[in-house]
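Subject: Structure for your review

Dear colleague,

Please find below the structure that I am handing over to you. My findings follow it.

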Amino acid sequence: MKKHILIGLGLLSLLSACRPDDKVGTVLPIYGNREPVTRMVNGKEVTDTVYQTIPDFKFVNQYGKEVTRRSVDGNIYVADFFFTSCPSICPVMHRNMLKVYDAFKSSNNFKILSYSIDPKHDSVAVLKKYADNLGISGDRWWLLQGDKAATYDLAKSYLVAVMEDNKAPGGYVHQGYFVLIDKQKRIRGSYDGTQPEQVDKLIADIKILQNEPQNSIAQ
């Protein structure tokens, strides 16, 4: 457990360390690693900042259809990690996620991706039943399952700690963050999905991101 906590704190430290000043005007910050890249433009050196992005992935949704990184091209989306038999924070998280779903289910270019950290149990049929119980339909909110190791590696890219722990309720430990991703696959916010006021902030920040000019990114 101590190791798990340290991993979680490490990811939180990375999130905090990479966090620039809070919102500059109405522009959301960018989280995660970044590096300067210098190139020549018209004979002059120009240095750009390259930000961390979500890498490629391949999962299956509750309808049995393949979902990859390309499936969310041109979309703003919110991601989280859960498992359907979770006895602790997941039910609270997804009751709160329903507020996000209801707020944007009619919006174009917006999705929710919920990755199962227990893909052995969370088959397509189990995910479909879970979706039906939540009352969600269509392609706005995808419940995803795939390779377990790939899921856990991908969680690190979202700066979320997930791990198996036979001493934890349900056998898993994971953070309850809702992670906001922009159309360029960059992390633009992270919110405690168990806290209603944080979910309200997420909804407000999605609206900011939807209206954000592409050339007004906070540095």
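Leaving aside its neighbours within four places in sequence, with which residues is His-174 in contact? The model, I should say at the outset, is a predicted one. In it, His-174 is in contact with Phe-81, Phe-82, Phe-83, Cys-86, Ile-89, Cys-90, Met-93, Ile-117, Ala-161 and Val-162. The residue belongs to strand 9, which runs over residues 172-174. His-174 counts as buried because its relative accessibility is 10%, where the cut-off for buried is under 20%. Its side chain reaches the backbone oxygen of Phe-81 at a distance of 3.1 Å. Val-162, one of the residues in contact with His-174, is 12 residues from it along the chain, and the two C-alpha atoms are separated by 4.2 Å.

Overall architecture

The protein has 219 residues, of which 48% count as buried. Its secondary structure consists of five helices and 11 strands. Among contacts between residues at least 6 apart in sequence, 68% join residues at least 24 apart. The accessible surface comes to about 10900 Å², and carbon and sulfur atoms account for 51% of it.

The nonpolar core

The largest nonpolar core comprises 56 residues. Those with the most contacts inside it are Phe-57, Tyr-77, Val-100, Tyr-115, Trp-141, Tyr-158 and Leu-180. Helix 2, residues 90-104, gives the most to this core, contributing seven residues. Beyond four places in sequence, Tyr-158 touches Ile-54, Phe-57, Tyr-77, Ala-79, Phe-81, Tyr-115, Val-179, Ile-181 and Ile-187.

Strand 6

Two residues of strand 6 deserve a comment, beginning with Phe-110. Phe-110 is buried, since its relative accessible area is 0%. Apart from residues up to four places away in sequence, Phe-110 touches Asn-75, Ile-76, Tyr-77, Val-78, Val-100, Phe-104, Arg-140 and Ile-206. Phe-110 and Asp-139 are 29 residues apart in sequence, with a C-alpha to C-alpha distance of 9.7 Å.

Ser-116 lies in this strand too, which covers residues 110-116. A relative accessibility of 1% places Ser-116 among the buried residues. The side chains of Ser-116 and Asp-122 are joined by a polar contact of 2.6 Å. Beyond four places in sequence, Ser-116 touches Phe-82, Phe-83, Asp-122, Leu-144 and Thr-151.

Gln-62 and its polar contacts

Gln-62 is found in the loop between strand 3 (58-60) and strand 4 (66-68). With a relative accessible area of 1%, Gln-62 is buried. What does the side chain of Gln-62 reach at 3.0 Å? The partner is the backbone oxygen of Trp-141. In addition, a polar atom of the Gln-62 side chain lies 2.8 Å from the backbone nitrogen of Leu-143. Residues touched by Gln-62, beyond four places in sequence, include Val-124, Leu-127, Lys-128, Ala-131 and Ile-136.

Helix 3

The buried residues of helix 3 (residues 124-134) are Leu-127, Tyr-130, Ala-131 and Leu-134. Viewed down the helix axis, they fall within an arc of 100°, so they line one face of helix 3. This agrees with a general rule: an α-helix has 3.6 residues a turn, so residues three or four places apart point the same way. The buried residues of helix 3 pack against strand 5, helix 2 and strand 7 (141-144). Ala-125, Lys-129 and Asn-133 are exposed, on the face of helix 3 turned away from its buried side. Just after helix 3, Gly-135 takes a positive phi of about 85°.

Helix 5

Helix 5 has 15 residues (196-210), which at 1.5 Å a residue should span 21 Å; the end C-alpha atoms are 21 Å apart, in agreement with that figure. Which residues of helix 5 are buried? They are Val-199, Leu-202, Ile-203, Asp-205, Ile-206 and Leu-209. These residues cover an arc of only 170° around the axis and therefore sit on the same side of helix 5. They pack against strand 5 (76-82), helix 2, strand 6, strand 10 (177-181) and strand 11 (187-192). Ile-206 is also one of the residues that Phe-110 touches.

Yours sincerely

Definitions and conventions
Residues are numbered from 1 along each chain as its sequence is written. This is a predicted model: local features need pLDDT of at least 70, side-chain atom pairs count only at pLDDT 80 or more; totals for chains, interfaces and linings use all residues. Side-chain values use heavy atoms; hydrogens and water are left out. Helices (H or I, at least four residues) and strands (E, at least two) are DSSP runs, numbered from the N terminus. Buried means under 20% relative accessible area, exposed over 50%, partly exposed in between (1.4 Å probe, protein chains only). A polar contact is a pair of N or O atoms within 3.5 Å; within protein, one must be able to donate a hydrogen and the other to accept it, and residues adjacent in sequence count only if both atoms are side-chain atoms. Contact means heavy atoms within 4.5 Å. Accessible areas come from the Shrake-Rupley method with a 1.4 Å probe; for residues, only the protein chains shown count as cover. A nonpolar core is a set of buried Ala, Val, Leu, Ile, Met, Phe, Trp, Tyr and Cys residues joined through side-chain atoms within 4.5 Å. The expected span of a helix is 1.5 Å times one less than its number of residues. The arc is that of the directions from the helix axis to the C-beta atoms.
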